[in-house]
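User: Hi, I have just opened a new structure and would like a guided tour. Could you take me through it step by step?

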Amino acid sequence: MDPDGAAKAFVDHYYTAFDTNRAAVEGLFKEGSMLTFGGEKFIGAAAITAKLTSLQFSSCKHHVTTVECQPSGPAGGMLVFVTGTMHFGGGEPPFKFFQAFHLIPAEPENFYVLNNYRVNYE
């Protein structure tokens, strides 16, 4: 498996799900997964999904600028680093974001998110 291709495929899948049906990202997390978002920590698939679906905007579109990855550990995990902009309806100015995912193999050619760290900035 090509790590760069796998990272890009994951990022495309994640942001498509986030932008169209945020609740659909729950399947990418497990009970030991953790999200850090705006200085708060959320543990477990249900808590992470609850946070993401409670965000105060109904529609958005991520525009990814960079995707970089590094192998992580002997089990075939990956660290994926993403930068880009997040656009909202209504003409509001976009936010820049940085997001890091620690992906762990779940089955052949599939991953789940163990750690997810996100920062929005202007």
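Analyst: We will go from the overall fold to the sheet, the helices and a few single residues.

User: Before that, what kind of model is it, and what should I keep in mind?
Analyst: This is a predicted model, in which local features need pLDDT of at least 70 and side-chain atom pairs count only at pLDDT 80 or more, while totals for chains, interfaces and linings use all residues. Residues are numbered from 1 along each chain as its sequence is written, and side-chain values use heavy atoms, with hydrogens and water left out.

User: OK, how many helices and strands are there?
Analyst: The protein chain has two helices and six strands, where helices (H or I, at least four residues) and strands (E, at least two) are DSSP runs numbered from the N terminus. Read from the N terminus, the elements follow the order α-β-β-α-β-β-β-β.

User: And what about its overall dimensions?
Analyst: Along the principal axes, the C-alpha atoms fill a box of roughly 45 × 30 × 25 Å. The radius of gyration is 14 Å, which agrees with the value near 14 Å for a compact globule of 122 residues; this radius is taken over C-alpha atoms, and the globule rule is 2.2 Å times the number of residues to the power 0.38.

User: How much of the chain is buried?
Analyst: Buried residues make up 39% of the 122 residues, with buried meaning under 20% relative accessible area, exposed over 50%, and partly exposed in between (1.4 Å probe, protein chains only). The chain exposes about 6800 Å², and carbon and sulfur atoms supply 55% of that area; accessible areas come from the Shrake-Rupley method with a 1.4 Å probe, and for residues only the protein chains shown count as cover.

User: Now the sheet. In what order do the strands sit?
Analyst: The six strands form an open sheet in the order 2-1-6-5-4-3, with mixed pairing; two strands pair if DSSP finds at least two bridges between them. Strand 2 (40-43) and strand 3 (60-72) stand at the edges with a single partner strand each, so one side of each has no neighbour in the sheet. On average, neighbouring strands of this sheet are turned by 15 degrees against each other, direction ignored.

User: Mixed pairing, you say. Which sense does strand 1 take with strand 6?
Analyst: Strand 1 (residues 29-37) pairs with strand 6 (residues 110-121) in the parallel sense, over five bridges. Within strand 6, Asn-115 is the bridge partner of Met-34, and Arg-118 is that of Phe-37.

User: And strand 5 with its neighbours?
Analyst: Strand 5 (residues 95-107) pairs with strand 6 in the antiparallel sense over eleven bridges, and there Leu-103 has Val-113 as its bridge partner. These two strands form a hairpin with two residues between them, and Glu-109 in the turn has a positive phi of about 65 degrees. Strand 4 and strand 5 also pair in the antiparallel sense, over nine bridges, and their hairpin has six residues between the strands, with Gly-90 in the turn at a positive phi of about 85 degrees.

User: Where do the helices go?
Analyst: Helix 1 (residues 3-20) lies across strand 1, strand 3, strand 4 (77-88), strand 5 and strand 6, running at about 150 degrees to strand 3. Helix 2 (residues 45-53) lies across strand 1 and strand 2, at about 40 degrees to strand 1. Axes are lines fitted to C-alpha atoms, for helices over the stretch in contact, and angles run from 0 to 180 degrees between N-to-C directions.

User: Let me pick a residue: is Thr-36 buried or exposed?
Analyst: Thr-36, found in strand 1, counts as buried at 13% relative accessibility. Leaving aside neighbours within four places in sequence, Thr-36 is in contact (heavy atoms within 4.5 Å) with Lys-41, Asn-116, Tyr-117 and Arg-118.

User: What does Thr-66 touch, then?
Analyst: Thr-66, which lies in strand 3, touches Phe-81, Val-82 and Thr-83, not counting residues up to four places away in sequence. Thr-66 is partly exposed, with a relative accessible area of 30%.

User: Last topic: how many disulfides are there?
Analyst: The count comes to zero disulfides, a disulfide being a pair of cysteine sulfur atoms within 2.5 Å. As for the cysteines, Cys-60 is buried with a relative accessible area of 9%, and Cys-69 also counts as buried, at 19%.
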